[in-house]
Amino acid sequence: MTKALIVVDVQNDFCEGGALAVAGGAQVAAAISQYLAGFDHDHVVATRDYHIDPGAHFSDEPDFVRSWPRHCVAGTPGAAFHPALDVGPVEAVFSKGQYSDGYSGFEGVDPRDRPLHDWLVERGVDRVDVVGIATDHCVRATALDAARQGLDTTVLLELTAGVSRATVDTALAELDAAGVNLIGEPVVR
């Protein structure tokens, strides 16, 4: 079995002080770096929100369900990976949401315009662990898509940060129902 770690959206705008901060985001960035120091994965990739013109995803009056304040705009400091995240082990970065919502990392492409799924298939990956921000949004969507692609999928919850207890609980139930393995407890404040 070939295993990859997918690090989802550990970006400045999703950590404390960012435009759409998730409490515990910086803590999760540091914890992922510590985990990577002794990781046992064959491959490590990262996804990032990298919005150019995502349409109704941005709103001056967001509903915080499908519309949000401006965040992770391509080329801005908010779209950069959080400084506590060690990106040294990351082999490829998949940008998503340029012209759409872009919740799932499987909507992302690398600089050669290659989708995440194709990159994983080229390397024979059949197992993925998913970590990052936010448990109840982009981590959830990425893990669900991984499972739909037939990958043996695990979310390492202690390396995720969620927006709210209610939405995290709903996401965990959905992931469990989809056959995603869930290990640990997410950071939710």
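How much accessible surface does the chain have, and what share of it belongs to carbon and sulfur atoms? The accessible surface comes to about 8100 Å², and 51% of that area belongs to carbon and sulfur atoms. These values were computed on a predicted model.

## Overall form

The chain has 189 residues, and 51% of them count as buried. Its radius of gyration is 15 Å, which agrees with the value near 16 Å for a compact globule with 189 residues. Along the principal axes, the C-alpha trace spans about 45 × 35 × 30 Å.

Four helices and seven strands make up the secondary structure. Read from the N terminus, the order of elements is β-α-β-β-α-β-α-β-α-β-β. Among contacts with a separation of 6 or more, 72% join residues that are 24 or more positions apart.

## Core and helix α3

In soluble globular proteins, nonpolar side chains tend to be buried together. Here the largest nonpolar core has 53 residues. Those with the most contacts inside this core are Val 7, Ile 32, Leu 120, Val 128, Ile 133 and Val 155. Helix α3 (residues 135-148) supplies the largest share of this core, six residues.

Val 128 is one of the residues named above. Beyond its neighbours within four places in sequence, Val 128 is in contact with Ala 4, Ile 6, Leu 120, Ala 146, Leu 151, Asp 152, Thr 153 and Thr 154.

Helix α3 is mostly covered, with 11 of its 14 residues buried. The buried set includes polar residues by name, among them Thr 135, Asp 136, His 137 and Asp 145, alongside others including Val 139, Leu 144 and Ala 146. The buried residues of α3 pack against β1, β3, β4, β5 (152-162) and α4. Just after the helix, Gly 150 takes a positive phi of about 85 degrees.

## Residues in contact with α3

Val 168 lies in helix α4 (residues 165-177). With 0% relative accessibility, Val 168 counts as buried. Its C-alpha is 6.4 Å from that of Thr 135, although the two residues are 33 apart in sequence. Leaving aside neighbours within four places, the contacts of Val 168 are Thr 135, Asp 136, Gly 162, Val 163, Pro 186 and Val 188. Of these, Thr 135 and Asp 136 are among the buried residues of α3.

Ser 104 is found in the loop between β3 (92-96) and α2 (116-122). Ser 104 is buried, at 1% relative accessibility. A polar atom of the Ser 104 side chain lies 3.0 Å from the backbone nitrogen of Phe 106. Outside the four places on either side in sequence, Ser 104 is in contact with Lys 96, Ala 141, Thr 142 and Asp 145. Ala 141, Thr 142 and Asp 145 are among the buried residues of α3.

## Backbone geometry in loops

The peptide bond from Ile 133 to Ala 134 is cis, with omega near -10 degrees. Ala 134 is placed in the loop between β4 (127-133) and α3.

Positive phi values also occur in residues other than glycine, including Asp 9 and Cys 72. Both are listed below with their places in the chain.

| Residue | Phi | Loop | Relative accessibility |
|---|---|---|---|
| Asp 9 | about 55 degrees | between β1 (3-8) and α1 (25-37) | 0%, buried |
| Cys 72 | near 45 degrees | between β2 (43-49) and β3 | 0%, buried |

## Cysteines

How many disulfides does the structure hold? The structure holds zero disulfides. Cys 15 is in no disulfide, and the nearest cysteine sulfur, that of Cys 72, is 9.3 Å away. Cys 15 is buried, at 0% relative accessibility.

Why is Cys 138 not bonded to Cys 72? The closest cysteine sulfur to that of Cys 138 is in Cys 72, and because the two are 8.6 Å apart, they are too far for a bond. The cut-off for a disulfide is a pair of cysteine sulfur atoms within 2.5 Å. Cys 138 is buried, with a relative accessible area of 7%, and is one of the buried residues of α3. Cys 72, in the loop between β2 (43-49) and β3, is buried at 0% relative accessibility.

Notes: Residues numbered from 1 in each chain as written. Predicted model: local features only at pLDDT ≥ 70, side-chain atom pairs only at ≥ 80, totals over all residues. Heavy atoms only, no water. Buried < 20%, exposed > 50% of the residue type's maximum accessible area, 1.4 Å probe, protein only. Helix = DSSP H or I, 4+ residues; strand = E, 2+ residues; numbered from the N terminus. Polar contact = N/O pair within 3.5 Å; in protein donor to acceptor, adjacent residues only side chain to side chain. Contact = heavy atoms within 4.5 Å. Core = buried A, V, L, I, M, F, W, Y, C linked by side-chain atoms within 4.5 Å. Rg over C-alpha atoms; globule rule 2.2 N^0.38 Å. Areas by Shrake-Rupley, 256 points an atom, 1.4 Å probe, with all protein chains shown as cover.
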